[in-house]
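Please walk through the model shown below, going from a single loop residue to a sheet and then to a nonpolar core.

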Amino acid sequence: MTTVSRRTLLKAAGSASVAAAIGMVAPAARLRAAQPALPMIGRIVQMPKGDVTVHTYIAPAASFLVTSHIIETPNQLVVVDAQFLQTAAREVRAYAESLGKPIDRVIVSHAHPDHWSGTNIFEGVPVVSTAAVAAGIQADIDSGGIQQRIGLVGESEVPATPLVPEGSLEAGTLTIDGVNMEVQVVANAESPEQAVLRLPDQGVIVLQDLLYSDSHFFPGVDRANWVSVLEGLRTEGGFDTLLAGHGLPASGGELTQAIKYLNFANEVAASATSADEVIAALTAEFPGYDVEGILQFWGLFFQ
Ligand SMILES: [Zn+2]
């Protein structure tokens with residue numbers, strides 16, 4: 001991927017120039033053919049990688065720029081994460097269907113509802129996660145998470161019948177339609193457990209919520225461990241396209257920025273006496289970062 005400043009990228013996002021700037025959008029004719037007829041609330045970035053094309057769907061800021069990725073292999077599609085809003089999940093499915101290939105499976109990266117709430121829209125397709133992530137989703141449902149979210153976004157944007165993934169995903173190598181994929185399971189970073197998917201031959205790593213791209217981060221479970229996971233990935237390398245759980249796809253340099261953000265958050269949180277203090281410090285240090293709403297979660301740590 002061509003190096004381009006992330007500010008330029010953000011400014012260009014949504015316009016045709018983003019395609020030229022980062023060289024990762026398919027020809028216009030294909031894009032037109034691929035778009036559902038109605039205006040979408042989300043936007044899509046396409047990244048051709050030889051035989052594989054990665055399509056990233058990014059929800060609006062009101063839905064925290066949460067992403068779904070569609071990995072298009074020669075004959076199939078693999079979807080990673082199923083969105084928060086039902087409208088967004090429907091757009092991901094409609095877009096996937098417009099590509100004219102069957103969805104082999106939907107992989108849910110972790111148990112936060114912004115990544116799985118829309119799984120019901122993929123009924124009829126195998127939806128998988130690790131066993132611990134599936135258990136986390138079930139626990140959320142059992143403890144009234146759905147009702148809580150109806151209060152936040154209204155009944156029409158929350159699944160009437162939530163779909164819990166089958167907990168069959170494990171660390172290891174998968175070959176799907178001739179494309180090698182590696183699943184890594186990371187514990188106690190942004191969430192209690194998260195699957196990371198790597199396409200070694202395409203230089204792509206699907207980091208989901210281990211990386212927030214030009215957006216504020218969720219406070220997470222264990223930030224020190226989260227930093228060491230990111231440092232390990234940076235040392236390992238082998239990828240040039242990083243797919244974030246929130247925001248635009250990024251290049252390798254974004255790992256360094258993420259480590260800086262988390263270390264700063266950790267330092268501030270260690271001496272702060274209120275969530276507001278942490279939020280003020282983060283917004284001052286990282287001006288222009290999107291999704292400020294996610295910072296409200298710092299309130300959970302200062303109750
Ligand atoms: Zn998330």
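Ser-274 is exposed, because 12 other C-beta atoms lie within 10 Å and a residue with 12 or fewer counts as exposed. The model is a predicted one, and this assignment is computed from it like the rest. In the chain, Ser-274 sits in the loop that runs between helix 9 (253–271) and helix 10 (275–285). Phe-301 is 27 residues away from Ser-274 along the chain, and the C-alpha atoms of the two are 8.5 Å apart.

The sheet comes next. It is open and has 5 strands, arranged in the order 7-8-9-10-11 with mixed pairing. Strand 7 (172–176) and strand 11 (241–246) are its edges, each pairing on one side only. From one strand to the next, the twist averages 30°. At the strand 7 edge, the partner is strand 8 (residues 179–187); the two are antiparallel and share 5 bridges. Within this part of the sheet, Ile-176 is opposite Val-179 of strand 8.

The sheet also leads into the core. The largest nonpolar core holds 76 residues, and the members touching the most others are Leu-207, Leu-210 and Leu-242. Strand 10 (residues 204–212) contributes the most to this core, namely 7 residues.

Leu-242 can be followed further. Leaving aside residues up to four places away in sequence, Leu-242 has contacts that include Ile-205, Leu-207 and Leu-211. Further along the chain, Leu-242 also touches Pro-249, Ala-250, Ser-251, Gly-252, Glu-254 and Leu-255.

Methods. Residues numbered from 1 in each chain as written. Predicted model: local features only at pLDDT ≥ 70, side-chain atom pairs only at ≥ 80, totals over all residues. Pairing = 2+ DSSP bridges. Helix = DSSP H or I, 4+ residues; strand = E, 2+ residues; numbered from the N terminus. Axes fitted to C-alpha atoms, helices over the stretch in contact; angles between N-to-C directions. Buried ≥ 20, exposed ≤ 12 C-beta atoms within 10 Å, placed from the backbone. Core = buried A, V, L, I, M, F, W, Y, C linked by C-beta atoms within 7 Å. Contact = placed C-beta atoms within 7 Å.
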